[in-house]
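Reader: I'd like to go through this model and ask where its labels come from. Could you take me through the cut-offs as we go?

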Amino acid sequence: MKTFFIILIELEYEANRFIELKLITFKLLSSENGESMWRLFPRAFSLTVMIMKILKLPIVVQRELFSCMNYKEVFHFSLCSKQSFYRIKSLQSVRFSNIKFVEFMFAKNQINVTIMPKNGDPRLRFEQILSVKPEDSEWKKFIQIEMSGNVMKFRRQTAEDKLVAEHDCKSQMESFLNVIYDNVSNLFGNDIEYRMLHDLFHEDLSKPIHQNIKVSRIWTQNRTVRELDEHFSSLPKQEFINICMGNMKGRLKEDSKIYDAEVVDVNDTERTIVPDVLRHFNGQQATLFTEYFDLSEILQFMNGWTSNQSNQNLMNLSLISEKPSFDLNVLTELAGIKHTNSQVDPPYYKYEKRIYINEQNVSSRGFHSRSYIVREFDGKVASLIMSSREFVFGVWNMTEEEFLNKFS
């Protein structure tokens, strides 16, 4: 006979605090398939319940128990007390380095905090660790939890097994987000990528700003472009900005920090900021969607790049328009576009496009094209693919001579 022990972890409530760990061990009276048998026939086995205070256990035992928890459970346990917070922080620091990003979604009536592990983590899936929602009169049982020095009212949403903070007025939302952000970033550390999703469709919704946010996704309308500029002016240099906007007025400043982001993805059908981003962008990759592009804008971009007057750091550019934008023959003639030998296969330009919603962050893209232009400063080549609604540009890490030797 072989005995198997399965440990189920359950946090117990007492006096509005999580204070105990319930260890339930099942003695399985079968042989090699004992664990599987228990899952099928749990009533066939004896049950022993022991109540133990987790912070009284040896450190090595605590570390093993925490390793059995998912990120959501670990975060919830960190809220039990200051001691549990710092115990989790010290014992799980190596594991926290395996977090790919923490994402804060901030909307008119709701806040969600979600964790995404890196590749290789056996728990590779999104885990929503906390939510903030409007107060619900149907929920009668609450607990008071202190978070970053602020006492907040929480309930346990058992259907999804997540912790939900309650707010009773819209004015609490920004202060709630600030408290939650401070607590989460203090627990997980500054080396993790923090992302912010803003829903700024409502004029009375504030724009929370946090220093560690380097990836931003913003939906906005009925605002001024000046507000958008002010939002990013207080943030560090952004690794990725995704903006979906409508019914906006004004123009970006000449020194807008949006221009300095490494990657931008802008959906601006009304052409409010896209022309300025195309002209002044200093990053490596840009995807710009709008109603149309003027031929003069495309020519100005190409001439600025070939003369090294603008877009010096750019590696990939995709311009997509709703309407046909320009005559390809006229563009080819005016821009001095060159072509590789038609007797051989056209070069294939391959690149990684940053996609925010993709768990892997990037999507492999590429295109075949004989068309190219050359930068005068260093002789570098950029391939082009053009249609009346799309213009795609990709820079090779080779001179024209090297490029033609390879593809001729």
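Author: What follows is a set of questions about labels, each answered from a value and its definition.

Author: This is a predicted model, where local features need pLDDT of at least 70 and side-chain atom pairs count only at pLDDT 80 or more, while totals for chains, interfaces and linings use all residues. Residues are numbered from 1 along each chain as its sequence is written, and side-chain values use heavy atoms, with hydrogens and water left out.

Reader: How many helices and strands does the protein chain have, then?

Author: The chain has 11 helices and 21 strands. Those are DSSP runs numbered from the N terminus: helices are H or I with at least four residues, strands are E with at least two.

Reader: What share of the residues is buried?

Author: Of the 408 residues in the protein chain, 48% are buried. Buried means under 20% relative accessible area, exposed means over 50%, and partly exposed is in between (1.4 Å probe, protein chains only). As for surface, the chain exposes about 20,300 Å², with 48% of that supplied by carbon and sulfur atoms. The areas come from the Shrake-Rupley method with a 1.4 Å probe, and for residues only the protein chains shown count as cover.

Reader: What makes helix 9 and helix 10 roughly parallel?

Author: Helix 9 (residues 295-306) and helix 10 (residues 328-335) pack at about 30°, and their axes are 11 Å apart. Axes are lines fitted to C-alpha atoms, for helices over the stretch in contact, and angles run from 0 to 180 degrees between N-to-C directions. Under 35 degrees counts as roughly parallel, over 145 as roughly antiparallel, 65 to 115 as roughly perpendicular, and the rest as oblique. So helix 9 and helix 10 are roughly parallel to each other.

Reader: Which residues make that contact?

Author: Helix 9 brings Leu295, Ile298, Leu299 and Met302, and helix 10 brings Val330, Leu331, Leu334 and Ala335. Contact means heavy atoms within 4.5 Å. These residues divide into 8 nonpolar, no polar and no charged. Here Ala, Val, Leu, Ile, Met, Phe, Trp, Tyr, Cys and Pro count as nonpolar, Asp, Glu, Lys and Arg as charged, and the others, Gly among them, as polar.

Reader: Why are helix 2 and helix 4 called roughly perpendicular?

Author: The axes of helix 2 (residues 59-67) and helix 4 (residues 82-91) come within 11 Å and cross at roughly 80°. That angle fits the perpendicular class, so the two helices are roughly perpendicular to each other. Ile59, Gln62, Arg63 and Phe66 of helix 2 make the contact with Arg87, Ile88 and Leu91 of helix 4. This contact divides into 4 nonpolar, 1 polar and 2 charged residues.

Reader: And what makes helix 3 oblique to helix 4?

Author: Helix 3 (residues 71-78) packs against helix 4 at about 140°, with axes 7 Å apart. The angle falls into none of the named ranges, so helix 3 is oblique to helix 4. Val74, Phe77 and Ser78 in helix 3 meet Ser84, Phe85 and Ile88 in helix 4. By class, that contact has 4 nonpolar, 2 polar and no charged residues.

Reader: Where is Ser81, and why does Ser81 count as partly exposed?

Author: Ser81 sits in the loop between helix 3 and helix 4. Its relative accessibility is 29%, so Ser81 counts as partly exposed. Ser81 and Met147 are 66 residues apart in sequence, yet 9.2 Å apart in space, C-alpha to C-alpha.

Reader: How do you know that Lys380 is partly exposed?

Author: Lys380, found in strand 20 (residues 380-386), has 22% relative accessibility, so partly exposed is the label. Leaving aside neighbours within four places in sequence, Lys380 is in contact with several residues, including Trp305, Ile373 and Trp396. Between Lys380 and Phe403, 23 residues apart in sequence, the C-alpha to C-alpha separation is 8.8 Å.

Reader: What is the sign of phi at Asn222?

Author: Asn222 has a positive phi of about 55° although it is not a glycine. Most residues other than glycine have a negative phi. Asn222 is in the loop between strand 11 (213-221) and helix 7 (225-233), and with a relative accessible area of 31% Asn222 is partly exposed. Asn308 also has a positive phi, near 60°, and its place is the loop between helix 9 and strand 15 (316-321).
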